[in-house]
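Good morning, and thank you for making time for this presentation. I would ask you to keep the structure in view while I speak about packing and aromatic rings.

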Amino acid sequence: MAASAAPARTGIPSEKIERFLACNAIDPSGIATPYLVVDTDIVAERFDALAAALPVADIFYAVKANPAPELLRLVLERGGCFDVASPNEIDACLAVGARADQISFGNTIKKRADIQRAYDQGVRLFAFDSEQELDKLSAVAPEATIFCRVLCDGSGADWPLSRKFGCESSEAARLLLLAAERGFSVGASFHVGSQQRDVNAWDGALEIVGSLARTLADAGHRLDLVNIGGGFPGQYQDEMPAVSAYGDAIDEAIRRHLTPTHGTALPRVLAEPGRYLVADAGVLETEVVLVARKHEFDAKRWVYLDCGKFGGLAETMDEAIRYRLLTPHDGTASGPVVIAGPTCDSADVLYEKSDYELPMALGEGDRVVFLSTGAYTTTYAAVGFNGFAPLRSICI
């Protein structure tokens, strides 16, 4: 690990970020809270670690996690590619020098015009999970490689991605045969859920993919691509397994379930990490607006911050992602709190059931730092709800 990314004693993930926070706090013209700061050295280290753990896979960074141009350039420079969900994300990748053949349009729900635009730009990898989407691809992207997304239940994940995306395995088999008969090069994809705790979560999905490959082979077709999605975790309140453990489990499952059929080689394997690469590289600094109680003898204080669900902390929905917090008074007496954002929406409550405690000395004007916020913060922040500015982002 590079010296600049060595964990600081305060719990801040790197000395670079710690220096930035310290300098900004004393600079009268400094950046107002809330803001996100990301250490690009940590992102580089995470990319290299994942590439080493999954040598069988091509890394397609999930741009939706954090589309900062500095991070897109970094991924590109390290040999990575991009998973995108919209035309604007395609444009962002092309703007930093990516080639169209380094982009996968992984959203299964796409306007026909957006498919046409991407195809005209040279994109040749597209996801689908229904016959209706296949019909669009047949009409406007006839020479693409298309991959059918299979449903996963998301068990073991803090942020499941089931229900909305993917189809049942029997439907996937039908769709892949239909796509192959139409002349497409075909593949299969799945996502085991974001912030996946179970290193073996990929095994069942890869078993299904292996069955799909055999079904295609029996009909004289080949499964050319397997997209194993993301799910590799960041470090929030609970310790997660090392990325090497995920890599070992996935590699073993790929070898077991995708044994070459009829003398063919393994399909091309894609992985779509987002959270793992950027979450732990970022911290979000907020300011306490108010600390109050609902009645004089209320055991819980309400701590209102200048950043809430609509300012970038949307993954606190249902208290699914539980961030680690730092304050200037850590180590002193603490007590239970409800943590809320600044907007006039009653849904803007971050934590009420998760037993968070913060120092009794915490008060108006104190800074509170949310760790591991490099992913899914700037991209979830509202443009201007209640007139609050979008979340600022700085890459260092």
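**Packing in the interior**

Let me begin with Phe-82: apart from neighbours within four places in sequence, this residue is in contact with Phe-60, Tyr-61, Val-63, Leu-72, Val-75, Leu-76, Cys-93, Ala-98, Gln-102, Ile-103 and Ser-104. Please bear in mind that this is a predicted model.

Phe-82 belongs to the largest nonpolar core, which has 108 residues. With Tyr-61, Phe-126, Ile-146, Trp-202, Ile-228 and Phe-370, Phe-82 is among the residues with the most contacts inside that core. Which helix gives the most to this core? The answer is helix H8, residues 201-218, with eight residues. Apart from this core lies another, of 10 residues, including Ile-12, Ile-17, Tyr-35 and Ile-394.

I turn next to helix H4, which spans residues 87-95. Its residues Pro-87, Glu-89, Ile-90 and Cys-93 are buried. Viewed down the axis of H4, the buried residues fall within an arc of 160 degrees, and therefore they line one face of the helix. Asn-88 and Ala-95, on the other side of H4, are exposed. What covers the buried residues of H4? The cover includes helices H3 (69-77) and H5 (112-121), together with strands E3 (81-84) and E4 (103-105). After H4 comes Gly-97, with a positive phi near 105 degrees.

Now to the aromatic rings. A pair of such rings is described by the distance of the centres and the angle of the planes. There are 11 aromatic pairs in the structure. In one of them, the ring centres of Phe-105 and Phe-126 are 6.1 Å apart and the planes stand at 35 degrees, so this pair counts as tilted. The pair links distant parts of the chain, since Phe-105 lies in strand E4 and Phe-126 in strand E5 (residues 125-128), 21 residues apart. Phe-105 is buried, at a relative accessible area of 1%, and Phe-126 is buried as well, at 0%.

Trp-302 and Tyr-304 form a stacked pair, with 5.9 Å from centre to centre and 25 degrees between the planes. Both Trp-302 and Tyr-304 are buried. Lys-294 lies over the face of Trp-302, 4.6 Å from the ring centre. Elsewhere, the charged end of Arg-46 sits over the ring of Tyr-276, at 4.8 Å from its centre.

I close with a cluster: ring pairs link Trp-202, Phe-232 and Tyr-246. Trp-202 is also one of the residues with the most contacts inside the largest nonpolar core.

Conventions: Residues numbered from 1 in each chain as written. Predicted model: local features only at pLDDT ≥ 70, side-chain atom pairs only at ≥ 80, totals over all residues. Heavy atoms only, no water. Buried < 20%, exposed > 50% of the residue type's maximum accessible area, 1.4 Å probe, protein only. Helix = DSSP H or I, 4+ residues; strand = E, 2+ residues; numbered from the N terminus. Arc of directions from axis to C-beta. Contact = heavy atoms within 4.5 Å. Core = buried A, V, L, I, M, F, W, Y, C linked by side-chain atoms within 4.5 Å. Phe/Tyr/Trp six-rings, centres within 6.5 Å; stacked < 30°, edge-to-face > 60°. Lys NZ or Arg CZ within 6 Å of the ring centre and 35° of its normal.
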